[in-house]
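Please open the structure in your viewer and keep the selection panel at hand. The tour below moves from one selection to the next and says what is found at each stop.

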Protein chains: 2
Amino acid sequence: MSDEFSLIERHLRRPAGRSDVLLAGGDDAALVAVPADSLLVVTTDMLVAGVHFEAEAPAAAVGHKALAVNLSDLAAMGAAPAWVSLALTLPAPAPEDWLADFAEGFYALADAAGVALIGGDLTQGPLSLCVQALGLLPAAAGALRREGANVGDLVCVTGTLGDAALALACSLGGAKTPADADAAFLQQRLQQPWPRLGAGVALRPLASAGIDVSDGLIADLGHICRASGVGAIIEQAQLPLSAAARATAGAAGLDVLEAALYGGDDYELCVTVPPAALAAAQRAVAASEFLGLTPIGRIVAEPGIRLQAADGGLHAPRPQVGYRHFG
Amino acid sequence: MSDEFSLIERHLRRPAGRSDVLLAGGDDAALVAVPADSLLVVTTDMLVAGVHFEAEAPAAAVGHKALAVNLSDLAAMGAAPAWVSLALTLPAPAPEDWLADFAEGFYALADAAGVALIGGDLTQGPLSLCVQALGLLPAAAGALRREGANVGDLVCVTGTLGDAALALACSLGGAKTPADADAAFLQQRLQQPWPRLGAGVALRPLASAGIDVSDGLIADLGHICRASGVGAIIEQAQLPLSAAARATAGAAGLDVLEAALYGGDDYELCVTVPPAALAAAQRAVAASEFLGLTPIGRIVAEPGIRLQAADGGLHAPRPQVGYRHFG
């Protein structure tokens with residue numbers, strides 16, 4: 001677009017705030033210094049309006065979420081975030097108010113996470129965003145991988161599950177309106193997920209495997225199981241549920257367990273932990289983020305995931321590939 | 001999309017071919033080792049169908065170009081390319097033939113450039129692509145920046161200018177069809193630009209400033225001039241033109257100088273070089289890429305760019321912001 005440079009200048013360029021950024025913006029590429037004792041962790045995610053977020057969603061929330069989903073991937077590796085670049089495609093004429101709000105949401109999270117925006121691209125077309133996040137990992141430590149889960153390990157998740165899916169179900173109009181405070185909590189969980197960066201770093205030396213829950217617990221735990229060549233049994237009664245999720249599901253006639261098992265977009269971490277390390281892992285997560293780490297099941301040799309009901313009976317999850325709709 | 005994982009597996013995942021790639025694909029992020037004596041160079045570019053390429057363009061050419069424009073940014077910094085990630089948004093149902101051809105074009109250039117695809121994202125929506133390229137630069141050396149041009153330096157460009165713009169003008173139907181061989185040459189220049197990586201590395205220690213010519217010579221040289229606080233005089237008679245460009249412009253009644261001055265998408269490098277270093281720079285570029293490096297003007301103190309005609313008269317370029325249309 002004709003005023004690409006001035007739009008970037010006005011809304012997206014801010015001081016980097018990190019001494020390892022040698023050059024950010026205004027040249028053909030950015031230049032950063034990677035500490036000699038660190039490995040570089042690289043992830044990218046594209047978000048498309050109408051697919052990953054509603055075109056009418058508040059721009060600040062879109063800015064937050066575009067960054068959050070990428071930082072969540074770094075958290076799932078146990079990496080500390082360092083630098084991000086952003087490619088933004090905006091419809092013409094450039095919606096300048098939207099861009100200003102977007103930048104606010106983006107930078108609020110970037111500043112909180114200690115991440116510097118080092119460059120990007122602004123182009124014209126259907127609204128979409130692509131963020132690339134770069135993180136650092138001590139070279140001496142291993143990353144928190146999807147492979148590595150061992151038979152006997154406990155399956156644990158941070159925070160609560162199903163909140164984002166319930167927010168989506170309610171905002172889609174398929175359910176009665178929940179109480180205001182609950183609705184606000186669930187909407188925030190959907191629109192402004194907080195990447196579990198501190199938990200990821202804290203869990204790296206203690207967990208045997210990890211992933212972030214973006215497509216739903218069953219789908220994402222399935223990735224751990226396949227990568228590790230194991231299976232898992234999940235105790236449904238142990239799934240951590242927020243009070244807002246319980247109340248909303250109850251009032252709206254939705255199945256809160258469905259949301260917790262198959263709902264996506266919570267961006268909590270799912271890790272496997274040797275039983276002897278559970279207490280230390282819970283302490284480390286609590287100390288890093290005032291966050292709960294709940295054991296919800298165990299790794300078994302038999303492939304696949306089974307659900308254990310309160311009466312002890314085992315059954316298979318329903319077949320699905322990631323979360324699409326529920327309720 | 002439901003078969004995102006299998007599509008990635010079938011078409012995009014190949015062995016990394018670099019020993020510094022510790023983990024690529026199949027986890028939440030990729031993991032690479034940055035040499036201790038190197039700085040990291042980061043760039044990203046989004047390409048949108050209908051804006052940056054025709055939706056009907058051959059998929060292999062789109063794959064080539066998406067990577068080429070990013071590698072060209074690394075070349076303009078004098079960096080050696082190392083790793084790339086790719087986020088791809090495809091309309092549903094996923095056009096699998098298109099994706100296979102795209103991957104061929106992408107990997108042909110990646111392999112030639114010694115770059116490893118280390119991860120990415122495949123999502124559903126309007127056809128677009130976002131590539132992030134990571135390059136390396138010796139920490140002891142400076143990057144080839146836009147700032148740094150000094151009064152008296154020569155302005156030089158690699159290769160030839162205006163080819164891509166003429167190809168676009170002809171393919172838009174605004175001109176008579178050129179001879180087949182010329183048309184093929186110009187189309188290849190437009191659809192499959194070759195990033196001047198060898199030239200960038202070779203010029204880094206010799207040039208005072210550099211940029212890649214993506215928006216047109218006048219627009220991009222303008223960035224150098226503003227960043228360096230200088231101006232430039234370009235001798236029109238010195239602009240390097242391909243035989244195909246001359247013949248095509250002549251046959252089609254197009255202005256070849258217009259194409260060379262204002263046409264975008266050539267992805268040549270424009271650098272400023274102290275006169276004493278010109279011969280060494282020309283030898284270095286020729287040795288690295290069998291490519292010409294042509295002096296086309298000089299840096300002056302007076303801000304702005306002026307054009308010098310064959311009779312010595314100076315005039316201002318026409319006002320413009322990047323290349324849009326011409327002819």
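Two residues are in contact here if their C-beta atoms, placed from the backbone, lie within 7 Å. Please also keep in mind throughout that this is a predicted model.

**First stop: a loop in chain A**

Select Glu147(A), which sits in the loop between E6 and strand E7 (154–158) of chain A. With the neighbours within four places in sequence set aside, Glu147(A) is in contact with Ala209(A), Ala227(A) and Ser228(A). If you add Val230(A) to the selection, you have a residue that is 83 residues away from Glu147(A) in sequence, while the C-alpha atoms of the two are 9.5 Å apart in space. Is Glu147(A) buried or exposed? The answer lies in between, because Glu147(A) has 16 C-beta neighbours inside 10 Å and therefore counts as partly exposed.

**Second stop: chain A as a whole**

Now show chain A alone, in which there are ten helices and 13 strands. The radius of gyration of chain A is 20 Å, close to the 20 Å that the globule rule gives for 327 residues, so chain A is as compact as a globular protein of that length. Measured out along its principal axes, the C-alpha trace of chain A spans about 65 × 50 × 30 Å. Of the 327 residues in chain A, buried residues make up 57%. When contacts in chain A between residues at least 6 apart in sequence are considered, 87% of them join residues at least 24 apart.

**Third stop: the two chains together**

Bring chain B back into view and look at how the copies are arranged. A rotation of 180°, with 0.0 Å of shift along its axis, superposes chain A on chain B with an RMSD of 0.0 Å. The two copies are thus related as by a two-fold rotation axis. To find where that axis passes, select Ala36(A), whose C-alpha comes closest to the rotation axis of the residues of chain A, at 2.5 Å. The same surface serves both copies, since 98% of the contact residues of chain A recur in chain B.

Next, colour the residues where the chains meet: 48 residues of chain A are in contact with 47 residues of chain B. Among the elements that give two or more residues to the side of chain A that touches chain B are strand E2 (30–32), strand E3 (38–48) and helix H2 (59–77) of chain A. Which element gives the most to that side? E3(A) does, with nine residues. By class, the side of chain A that touches chain B has 28 nonpolar, twelve polar and eight charged residues.

Strand pairing also crosses from one chain to the other, as E2(A) and strand E3 (residues 38–48) of chain B pair in the antiparallel sense over three bridges. Select Leu31(A) to see one such place, where Leu31(A) stands opposite Val41(B) in E3(B).

**Fourth stop: the nonpolar core**

Keep Val41(B) selected and add Val41(A), Leu203(A) and Leu203(B), which are the residues with the most contacts inside the largest nonpolar core, a core of 236 residues. Around Leu203(B), once neighbours within four places in sequence are left aside, the contacts include Gly78(B), Leu144(B), Leu269(B) and Val285(B).

**Fifth stop: strand E4 of chain B**

Select strand E4 (residues 80–90) of chain B, where eleven of the eleven residues are buried, so the strand is largely enclosed by the rest of the structure. E4(B) pairs in the antiparallel sense with strand E6 (residues 128–138) of chain B over nine bridges, and Ala80(B) stands opposite Leu136(B) in E6(B). Eight bridges join E4(B) to strand E5 (residues 116–124) of chain B, and these two strands run parallel; the bridge partner of Leu86(B) in E5(B) is Gly120(B).

**Last stop: two residues with positive phi**

Finally, select Asp265(A), in the loop between helix H9 (256–262) and strand E10 (269–273) of chain A. Asp265(A) has a positive phi of about 75° although it is not a glycine, and Asp265(A) is buried, with 21 other C-beta atoms within 10 Å. In chain B, select Tyr267(B), in the loop between helix H9 (256–262) and strand E10 (269–273) of that chain. Phi of Tyr267(B) is near 55°, a positive value in a residue other than glycine, and Tyr267(B) counts as buried because 24 C-beta neighbours lie inside 10 Å.

How values were computed: Residues numbered from 1 in each chain as written. Chains lettered and ligands numbered in written order. Predicted model: local features only at pLDDT ≥ 70, side-chain atom pairs only at ≥ 80, totals over all residues. Least-squares fit on C-alpha atoms with pLDDT ≥ 70 in both. Helix = DSSP H or I, 4+ residues; strand = E, 2+ residues; numbered from the N terminus. Nonpolar A, V, L, I, M, F, W, Y, C, P; charged D, E, K, R; others polar. Pairing = 2+ DSSP bridges. Buried ≥ 20, exposed ≤ 12 C-beta atoms within 10 Å, placed from the backbone. Rg over C-alpha atoms; globule rule 2.2 N^0.38 Å. Core = buried A, V, L, I, M, F, W, Y, C linked by C-beta atoms within 7 Å.
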